[in-house]
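User: Hi! I have just opened my first protein model and would like some help reading it. Could we go through it step by step?

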Amino acid sequence: MQLLLKVVASALLKYPCSLERYTADLADELSCLKFSNERHANIQVRGEKEILHHFSFWAQTAIDLIEIIELEIGFEKRRPSSLSEKAPQPGFQSIVQAMEDDDTLHFTVIRYCCDVLGALPKESIQIIRQEHGEKLLNRGEGFN
């Protein structure tokens, strides 16, 4: 995701104007006449930039969520030794739920975060709990 973010940022730097500028130019029908080559070129470039911004948002969102997943996995690894420690808040599940409730987010970003990234903490935490369970059983402290 960091590589995707770098590639997208590099591509965005190659454009002479911001997405907002292309959108404003297209809204001004006097300077950007309908059916003109300039207007068609601006429509094309605006579309390219919208796609790049989408992938930039997707990558940054995934990076932010991966950091939260890493915190939760780290918490789970320390959990048996420090029962008083609280889980990181807000947690991955609550953030993903808020994303699902947000009608402005694109469904591909939400699905990636829920389905692909959502599998990471579940699998990792299950493995950690199995390892901790085996260690406790080996020490004779089983789960009662």
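User: In which helix do Phe55 and Trp58 both lie, and how many residues apart are they?

Analyst: Happy to help, and keep in mind as we go that this is a predicted model. Phe55 and Trp58 are separated by about one turn of the helix. Both of them lie in helix H3, three residues apart.

User: What kind of aromatic pair do Phe55 and Trp58 form?

Analyst: By the ring-pair rule, the count comes to two aromatic pairs. One of them joins Phe55 and Trp58, at 5.5 Å centre to centre and with 15° between the planes. Planes under 30 degrees apart count as stacked. The pair of Phe55 and Trp58 is therefore stacked.

User: Is Trp58 buried or exposed?

Analyst: Let's take its partner Phe55 as a warm-up: its relative accessibility is 32%, so Phe55 counts as partly exposed. For Trp58 the relative accessible area is 17%. The cut-off for buried is under 20%. Trp58 is therefore buried.

User: Which residue forms an edge-to-face pair with Trp58?

Analyst: This pair has its rings 5.6 Å centre to centre, with 70° between the planes. It links distant parts of the chain, from Trp58 in helix H3 to a residue in helix H5 (residues 107–138), 54 residues apart. Ring pairs link this residue, Phe55 and Trp58 into a cluster. The partner of Trp58 in the edge-to-face pair is Tyr112.

User: How many helices does the protein chain have?

Analyst: Read along the sequence, the chain follows the pattern α-α-α-α-α. Its secondary structure includes zero strands. The number of helices is five.

User: Are H1 and H3 roughly parallel or roughly antiparallel?

Analyst: Helix H1 (residues 2–13) packs against H3 at an angle of about 150°, with the axes 9 Å apart. Angles over 145 degrees count as roughly antiparallel. That makes H1, relative to H3, roughly antiparallel.

User: How many nonpolar residues are in the contact of H1 with H3?

Analyst: H1 brings Gln2, Leu4, Leu5, Val8, Ala11 and Leu12 to this contact, and among the residues from H3 are Leu52, Phe55, Ala59 and Ile63. Sorted by class, the contact also has four polar residues and one charged residue. The number of nonpolar residues is nine.

User: What is the handedness of the crossing of H2 and H3?

Analyst: Helix H2 (residues 19–27) and helix H3 (residues 37–78) pack with their axes 9 Å apart, at an angle of about 145°. Among the residues that meet here are Leu19, Tyr22 and Leu26 in H2, and Ile43, Val45 and His53 in H3. By class, this contact has five nonpolar, three polar and five charged residues. The crossing of H2 and H3 is left-handed.

User: Which residue in the loop between H2 and H3 has a positive phi?

Analyst: The residue in this loop has a phi near 65°, a positive value in a residue other than glycine. Its relative accessible area is 72%, so the residue is exposed. The residue is Phe35.

User: How do H3 and H4 run relative to each other, and what is the reason?

Analyst: The axes of H3 and helix H4 (residues 92–101) come within 10 Å and cross at roughly 150°. An angle over 145 degrees counts as roughly antiparallel. H3 and H4 are therefore roughly antiparallel to each other.

User: Which residues of H4 make the contact with H3?

Analyst: On the H3 side, the contact is made by Thr61, Leu65, Ile68, Ile69 and Glu72. By class, the contact of H3 with H4 has six nonpolar, one polar and one charged residues. The residues of H4 are Phe92, Ile95 and Met99.

User: Which residues is Thr61 in contact with, leaving aside its neighbours within four places in sequence?

Analyst: Thr61 lies in helix H3. Its relative accessible area is 11%, so Thr61 is buried. Leaving aside those neighbours, the residues in contact with Thr61 are Met99, Val109 and Cys113.

User: To finish, what percentage of the residues of the protein chain count as buried?

Analyst: Two of the residues we met, Trp58 and Thr61, are buried. The protein chain has 144 residues. Of these, the share that counts as buried is 29%.

Note on methods. Residues numbered from 1 in each chain as written. Predicted model: local features only at pLDDT ≥ 70, side-chain atom pairs only at ≥ 80, totals over all residues. Heavy atoms only, no water. Axes fitted to C-alpha atoms, helices over the stretch in contact; angles between N-to-C directions. Helix = DSSP H or I, 4+ residues; strand = E, 2+ residues; numbered from the N terminus. Left-handed = near helix turned anticlockwise from the far one by under 90°. Contact = heavy atoms within 4.5 Å. Nonpolar A, V, L, I, M, F, W, Y, C, P; charged D, E, K, R; others polar. Buried < 20%, exposed > 50% of the residue type's maximum accessible area, 1.4 Å probe, protein only. Parallel < 35°, antiparallel > 145°, perpendicular 65-115°, else oblique. Phe/Tyr/Trp six-rings, centres within 6.5 Å; stacked < 30°, edge-to-face > 60°.
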